[in-house]
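Okay, thanks for having me, everyone. I've got one structure to walk through today, so let me put it up on the screen.

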Amino acid sequence: MILETSKESEEELEPLSLLDPRPILERVDTPAPELTPSPSLAAPDSPPMVEFLSVNLTYPNGVQALKDVNLMVRKGEFVFLVGSTGSGKSSLLKMLHRELEPTTGAVYVDRQDVGELKKRQIPYLRRKLGVVFQDFRILPQKTAYENVAFALEVTGTPPSAIRPRVRRALEMVGLSEKSHRLPGEMSGGEQQRVAIARALVNNPILLIGDEPTGNLDPDTSWDIMQTLSQINASGTTVLVATHNQQIVDVMRKRVLVMQRGELLRDDERGMYYEVKN
Ligand SMILES: Nc1ncnc2c1ncn2[C@@H]1O[C@H](COP(=O)(O)OP(=O)(O)OP(=O)(O)O)[C@@H](O)[C@H]1O
Ligand SMILES: [Mg+2]
């Protein structure tokens, strides 16, 4: 078991812009905040982080999950992906870390054609990405600290570098005090924070969330989305699939709307879009 025992001076760590405790969003049960558009971090000429070029995906059972999807997400953007169940959101996200390959078309991440990667190159792509799922997927027998450290151990990070990086990631998600807890001793929201810290600890260029608040209550969902927004404010591109209409409507980020495998809409500072079938 890895135990976090030594105390390092905080000066060793970079200042934490993400530690600002002030909420950037009001809670859903209070009147909605004024919707003054927040400046987008992504300048119009930021380099592309994600590109889909005429992407089609047909599963072996014949389901056509994605149909001629074209999109570009620039470095520094925060983008919501919405659409009814089965519309293709998870399928689209899975292509980013090459869990799935397009049947036709091409997917680029950080200007790299993901489909061109050799098998042995895929881990290097995945190291550049952080992924957070609805069901957290943290290891139940490892503490919060160990779960996050594990992500560095498997990438061969020198042991001396592991502790400060894990501490910083746990600090970013507000879990410093609970680093020794096992998942079974934490709330769902705290477990999801562990998953976010684990996704962050490799300094990903792109953070992907597939319904990261799907199992959480409304207040906790706000906290998690707020954390993702703060991570975005520090420069990481964020792409999140969600069914949470209230959060999408208040945050006023870019919204991509999927319908039956097609990209139906792409709205800057969009609202949740209910697709009538
Ligand atoms: N492994 C698979 N094999 C065959 N068909 C699949 C597979 N995974 C998903 N599908 C089908 O592909 C389509 C898109 O599914 P996907 O999981 O991408 O939707 P989604 O938008 O993420 O839905 P949800 O909001 O419920 O998570 C659906 O028709 C689904 O049934
Ligand atoms: Mg899904």
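I'll go through the ligand site, then the two sheets, and then a few helices.

Before anything else, keep in mind that this is a predicted model.

So, let's begin at ligand 1. Which residues are around it? Going along the chain, you've got Tyr59, Asn61, Val63 and Ala65, then Gly83, and then the stretch Thr85, Gly86, Ser87, Gly88, Lys89, Ser90 and Ser91. If you sort that shell by class, eight residues are polar, three are nonpolar and one is charged. And which helix gives the most to the shell? That's α1, residues 89-96, with three residues.

Let's stay with α1 for a moment. Is it mostly covered or mostly open? Mostly covered: six of its eight residues are buried. Those are Lys89, Ser91, Leu92, Leu93, Met95 and Leu96. So Lys89 and Ser91 turn up on both lists, around ligand 1 and among the buried residues of α1. Just past the end of the helix, Arg98 has a positive phi, about 60°.

Now the sheets. One is an open sheet of four strands, in the order β2-β1-β4-β5, and the pairing is antiparallel. At its edges you find β2, residues 64-74, and β5, residues 112-113, each pairing on one side only. Strand β1, which covers 48-58, pairs with β2 over seven bridges, in the antiparallel sense. If you want a spot to click on there, Phe52 is opposite Leu71 in β2. Our helix α1 lies across β1, β2 and β4, and it runs at about 60° to β2.

The other one is an open sheet of six strands, ordered β6-β7-β8-β3-β9-β10, and here the pairing is mixed. The edge strands are β6 (129-133) and β10 (262-267); each has a single partner strand, so one side of each is left without a neighbour in the sheet. From one strand to the next, the twist averages 15°. Between β6 and β7 (206-210) the pairing is parallel, over five bridges. In that pair, Gly130 has Leu207 of β7 as its bridge partner. And here's α1 again: it packs on this sheet too, touching β3, β6, β7, β8 and β9, with its direction at about 150° to that of β7. Helix α5 lies across β6 and β7, running at about 165° to β6.

That takes us to the helices. α4 spans residues 159-172, so to speak a 14-residue helix, and it reaches 21 Å from first C-alpha to last, close to the 20 Å expected at 1.5 Å a residue. Its buried residues are Val166, Arg167, Ala169, Leu170 and Met172. What do they pack against? Two helices, α3 (144-153) and α5 (188-200). Right after α4, Gly174 takes a positive phi of about 75°.

Last stop, Arg126, which sits in helix α2, residues 122-127. Why does it come out as partly exposed? Because it has 17 other C-beta atoms within 10 Å, and the buried label needs 20 or more while exposed means 12 or fewer. Its C-alpha is 10.0 Å from that of Leu206, and those two residues are 80 apart along the chain.

That's my tour, happy to rotate things if anyone wants another look.

Note on methods:
Residues are numbered from 1 along each chain as its sequence is written. Chains are lettered from A and ligands numbered from 1 in the order in which they are written. This is a predicted model: local features need pLDDT of at least 70, side-chain atom pairs count only at pLDDT 80 or more; totals for chains, interfaces and linings use all residues. A residue is near a molecule or strand if its C-beta atom, placed from the backbone, lies within 6 Å of it. Ala, Val, Leu, Ile, Met, Phe, Trp, Tyr, Cys and Pro count as nonpolar, Asp, Glu, Lys and Arg as charged, and the others, Gly among them, as polar. The expected span of a helix is 1.5 Å times one less than its number of residues. Two residues are in contact if their C-beta atoms, placed from the backbone, lie within 7 Å. Two strands pair if DSSP finds at least two bridges between them. Axes are lines fitted to C-alpha atoms, for helices over the stretch in contact, and angles run from 0 to 180 degrees between N-to-C directions.
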